[in-house]
Structures are given as structure tokens and as C-alpha cells.
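The following exercises are to be worked with the sequence and the coordinates at hand. Each task is followed by a stepwise solution.

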Amino acid sequence: MAGGGRGSGRPAKKKSPTKGTGGNIRRGLEGKGATPPAHMRHWHKDKSRAERIEREEKGGRPSSASSARPAPRGRRSEDAPEYIGGRNPVLEALRAGVPANTLYVALRIDNDDRVKEAVRIAAGRGIAMLEVGREKLDRVTEGAIHQGVALQIPAYEYAHPEDLIRLAQDAAEVPLIVALDSVTDPRNLGAIARSATAFGAHGLLVPSRRSAGVTGGAWKTSAGTLATLTVARAVNLTATLRDYREAGLFVIGLDGEGTVDLEDANLLDGPLVVVVGSEGKGLSRLVRDSCDLVVRIPMNAAAESLNAGVAAGIALYEVARHRRR
């Protein structure tokens, strides 16, 4: 069978030439070169996203396809809700009428009188109530002691600095405002709010940067007084203090290096702004220069400084004492 077709007795046929591809297969095997970068590929999502951002920055409307996709998450917004944890703080906040969204109660909690009253007040005010695990409470309170109860409160709505003067004018009273300089601990803000409420201040002024704000910790320490005390926020503290001075208010700064004892200050019965500095650092240079007078609280040399909340309480008591004369 040598020389014949496989399995046949016939001689093999010689194949005729076939039509060529003209080099298409060879060129196809060579590829299309290097893959272009993402921003040059029209089908790539990064290019589409970049084009959408460019259109929006120029004022154009995003396409329906891009607007249908959810926006990427950024950093935590200042407008995010805050949380108060602990049975006493939550109950005090509810009693004081602090605005609240949701009351969280741990599953299988030991219902003492505080929890029962908190649930009753929340139900009466139409506040949503949720039973959750303790892991959820640990997370929302950021590891603080919550005793199985937490209250979600909306982000605080700050007033304008001029509103604090207007509050005093509407009440036909001599203005008394407390300003905080570099006080970064929310608990100090809450403690100062309690003292300010107790001694008749018309509001607190806090800087918008490098300062504590009205957070869950501040609400907790204030024991509900932040529900009745107005807090304003200043973009530039020194500029706002200058505006207060131009409006006729005296600005007194509390600092351990002050040249006048608090009780000897002769401006306490007039329209007043009391500026409280941070513990240890005291007043910043620019704020000190913006004060009409810098006073100190006399004390034993063994105590180098006072907590900002304690110092504010002493100063406000002294102001109230002078005004009662």
C-alpha cells in the first residue's frame, strides 16, 4: 500500500494551490501594539468618570447614565448625626427636650426606672425606637460607656455671631457672651455651657476650625443645657471679636499670665465677651491682642492652671456677682 492514499488502493491526489489570505493572518498575529492608558480608552470607566467631573466643574449637567450611579463616599460630613450614650445623659437630654431622631436600646436590657422613663418620653415625642445589639451601640458611641442606651441627635445648627447680641437686645439685658479659643475637648465645651446657662450668658461662640463643637460628648456633659443655650460659630475668631468691640462690647481674656486679677477688673458689669483659652496653652497671641483686658484667676502656686470648664465657671460667677451689685 506504499504510495497510495491511506486505507485506499487508489493513488493519492496532489492538492491544488489554495487562495492566500494576503498576509491578514500574519498581520493579525502581530497584535495592535501596546494597550493605551485608561484615560485614552473611551470605554473605560475612569475616562467616563473624568469626563463627567469635567462637565460638572464647567457647569454642565451630568448624563443620565452617570447620574444613575451613586456618588462615591467621602469623609464623614460635619452634618452627620451625633450620639449620646449612657442612661443618665440620655434621660437628661430627653427631659431637656434635646432634638433627637432615634433612641437605641440594647436587647435584653435590664429595664430600670431611667430606661423606662426614657422610652416613655421618646414614645411621647414620636422619637423612633430600635432594639439593637450591644455591638451596634459600641460602634455608634465610638466605644464610650453607654449602659445599653444611646440617643441619636441631628447635627447642631449653629447661629451667626450677631445673633448672640440680638438675643440680649431682645431680652433687654446687658450682653454676656462666652468665646472659646482653642478649646478642643467637647466635654469642656459642655461644662462651659452649663456654667454659661447657670450665670445668665446669652450664648457661646466657637471657632469653626481647631475647636470643639457641639458633639455627643458636649451634649452629654452639658446635662441638657445646650438645648436652651445658643451656640454660634465664627469663621475667624479674632475678626469676630473685633466686630464685637466695634458693636460696643468689651472683650476680656482669661489667662494665667494676665496682669489684672479677675475680681479687680472694672469691665465686668458692662456688655461683655469672656474669652476662655485652652488648658495649658491659654490664649493664642492673636486672640490676646484682640482683648481689651487680659485677667487672671488668683490661686495657689501649687496649681499651675485650671481646667477650661472650671476657669469659665469661676469667671462667670464673678461677672454675675458684679452685676448683682
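**Exercise 1. The surroundings of a histidine**

In this predicted model, a polar contact of 2.7 Å links the side chains of His202 and Glu173. Task: place His202 in the chain, classify it as buried or exposed, and list its contacts beyond four places in sequence.

Solution.
1. His202 belongs to the loop that runs between α8 (186-198) and β6 (203-207).
2. The relative accessibility of His202 is 10%; the cut-off for buried is under 20%, so His202 counts as buried.
3. With neighbours within four places in sequence set aside, His202 contacts Leu164, Leu167, Ala168, Glu173, Val174, Pro175, Leu176, Leu229 and Thr230.
4. For Thr230, 28 residues away along the chain, the C-alpha separation from His202 is 7.1 Å.

**Exercise 2. The nonpolar cores**

Task: determine how many residues the largest nonpolar core has and which helix gives the most to it.

Solution.
1. The largest nonpolar core has 60 residues.
2. Helix α12 (residues 308-323) gives the most to this core, namely six residues.
3. A second core, separate from the largest one, has 19 residues, among them Ala179, Leu205, Leu237 and Leu249.
4. Within the largest core, the residues with the most contacts are Leu151, Val178, Leu189, Leu204 and Val276.
5. Take Leu189 as an example: beyond four places in sequence, Leu189 is in contact with Leu180, Leu204, Val206, Ala212, Gly213, Val214, Ala218 and Leu226.
6. As a general background, nonpolar side chains in soluble globular proteins tend to be buried together.

**Exercise 3. Positive phi outside glycine**

Task: locate Gln147 and Arg210, and state the phi and the exposure class of each.

Solution.
1. Most residues other than glycine have a negative phi.
2. Gln147 has a positive phi, near 55 degrees, and lies in the loop between α6 (134-140) and β4 (149-153).
3. Because its relative accessibility is 36%, Gln147 counts as partly exposed.
4. Arg210, also not a glycine, has a positive phi of about 50 degrees and is found in the loop between β6 and α9 (216-222).
5. Because its relative accessibility is 63%, Arg210 counts as exposed.

**Exercise 4. Confidence**

Task: report the mean pLDDT of the protein and how many contacts beyond four places in sequence the model has for residues 1-6 and for residues 55-77.

Solution.
1. The mean pLDDT is 80, and 74% of the residues reach 70 or more.
2. Over residues 1-6, pLDDT stays under 50, and the model has seven such contacts for them.
3. Over residues 55-77, pLDDT also stays under 50, with eleven such contacts in the model.

Note on methods: Residues are numbered from 1 along each chain as its sequence is written. Side-chain values use heavy atoms; hydrogens and water are left out. Helices (H or I, at least four residues) and strands (E, at least two) are DSSP runs, numbered from the N terminus. Buried means under 20% relative accessible area, exposed over 50%, partly exposed in between (1.4 Å probe, protein chains only). Contact means heavy atoms within 4.5 Å. A polar contact is a pair of N or O atoms within 3.5 Å; within protein, one must be able to donate a hydrogen and the other to accept it, and residues adjacent in sequence count only if both atoms are side-chain atoms. A nonpolar core is a set of buried Ala, Val, Leu, Ile, Met, Phe, Trp, Tyr and Cys residues joined through side-chain atoms within 4.5 Å. pLDDT is the predictor's confidence in each residue, from 0 to 100.
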